[in-house]
Amino acid sequence: MSANGSPMGFGRMRRKEDARFVRGRGTYVDDVRLPGMLHGAVLRSPLAHARIESIDTTAAEAHPKVQAVITASELAERGLAWMPTLSYDTQAVLASDKVRFQGQEVAFVVAEDHYAARDALALIDVEYSPLPVVADAGTSLDESTVVIRDDLKDKQDNRIFDWEAGDKASTDAVFAKADVVVAQDVLYPRVHPAPLETCGIVADFDPIAEKLTAWSTTQAPHAHRTLLASVLGIPEHRIRVISPDVGGGFGNKVPIYPAYLCAVVGSMITGRPVKWAEDRSENLMTSAFARDYHMRGEIAATSDGKILGLRVRVLADHGAFNCTAQPTDYPAGFFHIVTGSYDLQAAHCEVTGVYTNKAPGGVAYACSFRIAEASYLVERLVDMLALELDTDPAELRMRNLLRPGQFPYVCPTGWEYDSGNYPAALELAMKTAGYEALRAEQAAKRERGEYMGIGISCFTEAVGAGPRKHMDILGLGMADGCELRIHPTGSAVLRISVQSQGQGHETTFAQIVAHELGISPDEVEVVHGDTDQTPFGLGTYGSRSTPVSGAAAAVAAQRVRERAKLVASAMLEVSPSDLDWERGRWFVRGAPTIGRTITEIAAAAHSSLELPDGVEGHLDASCVYNPPNLTFPYGAYICVVDVDPGTGQVKVRRFIAVDDCGTRINPTIVEGQIHGGLADGIGMALMELMAFDSDGNCLGGSFMDYLLPTSVECPPWELGEMVTPSPHHPLGAKGIGESATVGSPAAVVNAIMDALKPFDVRHADMPLTPAAVWCAIQGRPLRS
Ligand code: MCN
Ligand code: CUN
């Protein structure tokens, strides 16, 4: 322990950044105020699909406080009417020919203040001719359906991609010999990340230096800079992206949104900084959504409960532009980890992506690149199989879980799982839950007409993208840089490429350096979120910070330690091979009292001490980390619910979560990540839904309509810990930032379906609102 009680490395410590957050002293993009700053507002389409006949901006331009009104024609003059997406599609920055989803950006007003900018939107006159709307992905490929993306050359339909993984022939073969096959349509509905802070930018283009500074809410400052450079034609070294404190991202802050480019153009036109900050409805209705996977799953097994194979067909609704963010070769993200935690012989999945007249985006919201969808599907199928076989779902899982001796394990769709002990995790969860007693309680209650349910979910994730040879985003390989500077007095500055949105990197990354060098985390300052001050890297999403950037920090610190060894050998006048390391100090082997601490060595490295040949002064080091594989965190969750059959109301009474993310750097932060993710899971299972009517009107434009869980819906979480280090990560750590969001919805839904077993309900889709549960009990379709 250091003087103030923080550990000298891994362990529980309070978050360093909370000192400013709990005092309300964080700095978010909307807190940035520059001299002469103007304000932008976006005019959005009221219709989901329409031809634009004309746009008249004269009245808006005449507004006394308006400085500029930008439409697609101004952008076109600069070659900016369309921009590339992260998935090699193009997206309209401002609509010119047509609008393709409700809320699409049509014009951008720049004015002296925020209110004037908003007022002026009402003065813009747009004439629309409505077109037929494709609001249902299920009809998007019908021959009679209108082609949404007629801007794309030769586009004849609404298909974006067809993609498959696994072996179709061998999967069909195991299905042919199976005793039991269970098939079910399962929808993972469209949800929204809904971060507390909405998206925004302050764009400041300096016409003299020809330099752009962009303060923006981004999870990936360096990737944004590269993208801005290629889109805007400004040389990359003259763009600085600063991402100050970010109030939640959950994937929502991965993309570059059209209004960001409009703000930059606004600054170029006016010669003044331009701020644009989204309001809540804009965030919900137009920024990156998540899921919207229409899945058909089939699971095959023997009559005694050995799972043989999985066959999956998905229709993926990507909205009007394909803006999903995932590595290039994976149009459906990492969905093909759909075999989950089970040892089965064969699997095949096919995914077709389609356009609809809905907001673009996708993947976002703690999904680990579509593993949320995959995990939910397989866990639902396993429960339905248990029902079919009349077996206990825990027993069926136990029978089929991968065994510790099978790792590293290559799954039928090609992932190499690094490590795990799945049966032990489920055992621990069952023991914590008191599984036998819960089943007894359930049986007794059923007798009395009370409906209690117990749901299990055993999930496996793949996080930490990714190996450069397999993974890139828009051609940018997924390695992350890191620089570690040691001052003469022994304190340190760590510069990292990833960007916290609330995950506590300023604390855990300091702990990584502290762990490697034996100094206090309080002596390590973590710098992030400013491309002028940090090395290149792809940013924070897919729980990749610890697996990739955390590894870079560890390796850089280990390099410092090795250099310190050489300096210590000069100080002690012994050969480096005679030195041993213990926390914070090199000492002479066999003479432990003779040694030098890192602090002493840092001073010497900056002094006039004669250093051995080839040893430069100072102790600074850097690293670019290219992960050899992803890390595979996993867990076993058990949820207990009570369902009121009269109202359909669900109460989540207990939630037991056993997680294994390898070495835990800061268990308190890890538990916080799990708590948040479990709440996410309850939200998606019970209430979150981004719905649309048949005209493509978004029905989730406010928190009155798009429901989020609160502490009222959440039980006291009961957490269990397993630690199976990742064999290829320098610290043995795996990511944890999305595990609970990925794993928990299935546990909640499985619990509710288990409660409804006496009503012969096999499956109902999320969100299981009281109305949905009631309809399921009554055997009626839910009227949406
Ligand atoms: N950690 C640890 N030991 C481990 C693994 C992680 O102590 N074995 C710590 C990390 O050092 C970090 C935190 O836990 O402080 C999360 O780490 P990691 O799993 O590497 O995930 P990232 O930092 O890359 O965060 C991304 C992840 C994603 S993709 C979403 S979505 C999500 C999530 O984090 N968004 C969040 N958690 C969030 N939490 C907050 N508060 N806000 C968001 O927007
Ligand atoms: Cu999928 S949401 Mo997180 O990867 O930023």
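Let me start with ligand 2, which in this predicted model is surrounded by Q219, F250, G251, V363, A364, Y365, A366, C367, S368, Y541, G542 and E738. If we sort the residues of that shell by character, they divide into seven nonpolar, four polar and one charged. Which residue of the protein gives a donor to the copper atom of ligand 2? The copper atom has a single protein donor, the SG atom of C367, at 2.2 Å, and C367 itself is found in the loop between β17 and α9, the helix that covers 371–389.

The oxygen atoms of ligand 2 also have polar partners, and I would like to go through them one at a time. A polar backbone atom of G251 is 3.1 Å from an oxygen atom of the ligand, and a polar backbone atom of G542 is 2.5 Å from an oxygen atom of ligand 2. With E738 the partner is a polar side-chain atom, which lies 2.9 Å from an oxygen atom of the ligand.

Please keep V363 in mind from that shell, since its backbone deserves a word. Its phi is near 75°, which is a positive value in a residue other than glycine. For background, most residues other than glycine have a negative phi, and most peptide bonds are trans. V363 is found in the loop between β17 and α9, and because its relative accessibility is 5%, below the 20% limit, V363 counts as buried.

H618 is another residue that has a positive phi, of about 65°, although it is not a glycine. It is found in the loop between α15, residues 598–605, and β29. Is H618 buried or partly exposed? Its relative accessibility is 39%, so H618 counts as partly exposed.

On the peptide bonds, I can show you two that are cis. One joins F407 and P408, with omega about -10°, and P408 lies in the loop between α10, residues 393–400, and β18. Another runs from A465 to G466, with omega near -20°, and the place of G466 is in the loop between β20 (451–460) and β21 (472–473).

Let me now turn to ligand 1, which has 33 residues around it, the closest being G249, H505, T546, Q673 and I736. Here, too, we can follow the polar contacts of the oxygen atoms. A polar side-chain atom of T508 lies 2.8 Å from an oxygen atom of ligand 1, whereas for R544 a backbone N or O atom lies 3.3 Å from an oxygen atom of the ligand. For N666, again with a backbone N or O atom, the distance to an oxygen atom of ligand 1 is 3.0 Å.

The next topic is the aromatic rings, where the count comes to 22 aromatic pairs. One of these is formed by F334 and W415, an edge-to-face pair with 4.9 Å from centre to centre and 65° between the planes. Why does this pair tie together parts that are 81 residues apart in sequence? It does so because F334 lies in the loop between β16 (307–317) and β17 (346–354), while W415 lies in the loop between β18 (409–410) and β19 (416–417). Both F334 and W415 are buried.

W415 also pairs with F632, and because their ring centres are 6.5 Å apart and their planes are at 65°, this pair is edge-to-face as well. F632 lies in the loop between β29 (621–625) and β30 (634–643), and W415 in the loop between β18 and β19, so this pair ties together parts that are 217 residues apart in sequence. The relative accessible area of W415 is 7%, and F632, at 0% relative accessibility, counts as buried. Stepping back, ring pairs link Y330, F334, F369, Y409, W415, Y417, Y541 and F632 into a cluster, and Y541 is a residue we already met around ligand 2.

The loop between β18 and β19 also holds T413, which counts as buried because its relative accessibility is 13%. A polar atom of its side chain lies 2.4 Å from the backbone oxygen of H336.

I will finish with two arginines that lie over rings. R20 lies over the face of F21, at 4.8 Å from the ring centre, and R190 lies over the face of F289, at 3.4 Å from the ring centre.

Terms used
Residues numbered from 1 in each chain as written. Chains lettered and ligands numbered in written order. Predicted model: local features only at pLDDT ≥ 70, side-chain atom pairs only at ≥ 80, totals over all residues. Heavy atoms only, no water. Near = heavy atom within 4 Å. Polar contact = N/O pair within 3.5 Å; in protein donor to acceptor, adjacent residues only side chain to side chain. Nonpolar A, V, L, I, M, F, W, Y, C, P; charged D, E, K, R; others polar. Phe/Tyr/Trp six-rings, centres within 6.5 Å; stacked < 30°, edge-to-face > 60°. Helix = DSSP H or I, 4+ residues; strand = E, 2+ residues; numbered from the N terminus. Buried < 20%, exposed > 50% of the residue type's maximum accessible area, 1.4 Å probe, protein only. Lys NZ or Arg CZ within 6 Å of the ring centre and 35° of its normal. Donors = N, O, S within 2.8 Å, 3.2 Å for Na, K, Ca; no water.
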